[in-house]
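Student: I'd like to go through a structure feature by feature and learn how to read each one. Can you take me through it?

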Amino acid sequence: MQFDWTEEQREIRAKSYAVGTSLAHQENNSLGEFNTEGWQRLLQEGLWQYIVPSEYGGNGLGWWHFTTALEGVASSIRKPGLLLSIIAQAGMVRALTLYGNDMQRERYFPAILRGELSATAIAEPETGTDTRNIKTMLIEDEQGYLLTGEKYNIAHAPITQFTLVVTRLANTENQGGIALALVDRETTGVTYQTPDNKLGLADLPTGSIRFANVRIPPEQLLGKPGDGHKNLIQIISLGRIYYGLVAALIPTCFMKDALSYIHSRASFGSTIDRHQYVQQRIVEIQLGIERSRWLAYGALSHLLNEHTEQELLMVSSMAKIMGANDLVNNATSLLKLYGSIGYQQGPIADFVRDALGFCSVGGTEEMHKKNIFNQINRLPIYKQRIDPTR
């Protein structure tokens, strides 16, 4: 596990922090649209070059350098939608790096370096993210495959240029028949539905996509057909870890404001920073930031050092749950700190709405706790349990 940044990584973090600070002061960042300017700024800073392989235009510095940049932006920007877009795109980079064929890498890595947005379509209206019961079907014929079904709650769906679709091979059951298919936006038979209207995260465009007998050539399958579930674990685990990390760091700039506020706000004969309950609130927010941050770093180390599948599934879900819970608690705690000022339309109210989005983005708490329980029962240390009836 990496406990400190190198000098080069600290410089990357500082540059990304400056970009995030600049974006946080732009009014168009709150208009409810994708932050195109912010996306282009990060592209110019070389964000994607860190993780795209050098043979396809990247610089090969790797995931810890990328994480440093992500930390810098997450610690300074106030609207988290752009962070979630970065995480979604990072998952596509990992998917292509691990499982893409030469044609896919030669086609899609340059697109990512140009700033083209991708999407990953997992959830379905009836089954959510339960891949064992997905209905989107891949039917093989003499020309390749036909894809039929519907996906929803997809980040970037309204504006994506290419999508990784989690689907099932016809006449298969459970996780053994899962396949992953790359689908370009203009492919015949693909329909993009009206963008979602959400409580928060308005700058993260989401929506549904329908597939009606979409022709999928064999070379557009990512990895081997039937290996989709196993491969998906490596892709989505990265996202869960990064959700936890950015959730930990987003309150940082709001904490700066809160510290200024409590040192100047007078109540009962003194500034409120002298009140013990206010001090406790501030300390608990910082505890949440540090707790979730270090858990996410530990989980990322598990991922990059190729720990067992059970450990990876468990710690990535833990990182996501703790990050989301701490973020929601921190946001509501700041709302209570500011009182009626915080409840009025403005930065704190927006922060609370966006924070609540983390309860569902990347999977619900219930889903992740079920996953953690399942992995606990598979860990070797718990395999030989004492029979409670003896």
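What follows is a tutorial talk about cavities, salt bridges, backbone angles, contacts and a surface patch in a predicted model.

Student: Let's start with empty space inside. How many cavities of 30 Å³ or more does a search of the whole structure find?

Tutor: The general idea first: rolling a probe the size of a water molecule over the atoms shows where empty space is left. Here, the search of the whole structure turns up one cavity of 30 Å³ or more. The volume of the largest cavity is about 50 Å³.

Student: Which residues line the largest cavity?

Tutor: The lining is made of Ile12, Lys15, Ser16, Leu42, Glu45, Leu47, Tyr50 and Ala69. Helix α1, residues 7-24, gives the most to that lining, with three residues.

Student: Now charges. How many salt bridges does the structure hold?

Tutor: There are 17 salt bridges in the structure. Let's take one that reaches across the chain: Arg215 pairs with Asp141, and their closest N and O atoms are 2.8 Å apart. That pair links distant parts of the chain, with Arg215 in strand β7 (residues 206-216) and Asp141 in strand β2 (residues 137-141), 74 residues apart.

Student: Are Arg215 and Asp141 buried, partly exposed or exposed?

Tutor: Arg215 has 29% relative accessibility, so it counts as partly exposed. Asp141 is partly exposed too, at 23% relative accessibility.

Student: What about a salt bridge within a helix? Which residue does Asp350 pair with?

Tutor: Asp350 forms a salt bridge with Arg353, with the closest N and O atoms 2.5 Å apart. Both sit in helix α11 (residues 347-356), three residues apart, which is about one turn of the helix. Asp350 is partly exposed at 24% relative accessibility, and Arg353 is partly exposed with a relative accessible area of 24%.

Student: And which residues are joined into one network by salt bridges that share partners?

Tutor: That network joins Arg13, Glu71, Glu290 and Arg293. Within it, Glu290 forms a salt bridge with Arg293, the closest N and O atoms being 3.2 Å apart. Glu290 and Arg293 are three residues apart in helix α8, so about one helical turn separates them. Look at the burial as well: Glu290 is partly exposed, with a relative accessible area of 30%, whereas Arg293 counts as buried at 16% relative accessibility.

Student: Next, the backbone. What should I look for in phi?

Tutor: Most residues other than glycine have a negative phi, and most peptide bonds are trans. With that in mind, check Asn153, where phi is positive, near 55°. Asn153 lies in strand β3, residues 144-155, and is partly exposed, with a relative accessible area of 45%.

Student: What is the phi of His156, and where does His156 lie?

Tutor: The phi of His156 is near 80°, again a positive value in a residue other than glycine. His156 lies in the loop between β3 and β4 (162-169). At 0% relative accessibility, His156 counts as buried.

Student: Another histidine caught my eye. Is His275 buried or exposed?

Tutor: His275 counts as buried, because its relative accessibility is 14% and the cut-off for buried is under 20%. The residue is found in the loop between β9 (270-271) and α8 (276-304). Leaving aside neighbours within four places in sequence, His275 is in contact with Ser267, Phe268 and Ser270.

Student: How do I read contacts between parts further along the chain? Which residues is Thr97 in contact with?

Tutor: The trick is to set neighbours in sequence aside. Beyond those within four places, Thr97 is in contact with Ile51, Pro53, Arg105 and Phe109. Thr97 and Ile51 are 46 residues apart in sequence, while their C-alpha atoms are 9.0 Å apart in space. Thr97 lies in helix α4 (residues 81-99) and is partly exposed, with a relative accessible area of 31%.

Student: Last stop, the surface. Which residues form a nonpolar patch there?

Tutor: Ile376, Ile381 and Tyr382 form that patch, and together they have about 300 Å² of accessible area. Tyr382 sits in the segment after α12 (365-376). With a relative accessible area of 40%, Tyr382 is partly exposed.

Notes
Residues numbered from 1 in each chain as written. Predicted model: local features only at pLDDT ≥ 70, side-chain atom pairs only at ≥ 80, totals over all residues. Heavy atoms only, no water. Patch = residues over 30% accessible without salt bridge, like charges linked within 9 Å, V, L, I, M, F, W, Y side chains within 5 Å. Areas by Shrake-Rupley, 256 points an atom, 1.4 Å probe, with all protein chains shown as cover. Salt bridge = Lys/Arg side-chain N within 4 Å of Asp/Glu carboxyl O. Helix = DSSP H or I, 4+ residues; strand = E, 2+ residues; numbered from the N terminus. Buried < 20%, exposed > 50% of the residue type's maximum accessible area, 1.4 Å probe, protein only. Contact = heavy atoms within 4.5 Å. 1 Å grid on protein atoms, 1.4 Å probe; cavity = no way out; pocket = protein on both sides within 12 Å on 5 of 7 lines; lining within 4 Å. Points joined across faces, edges and corners; volume = space filled by probe spheres on them.
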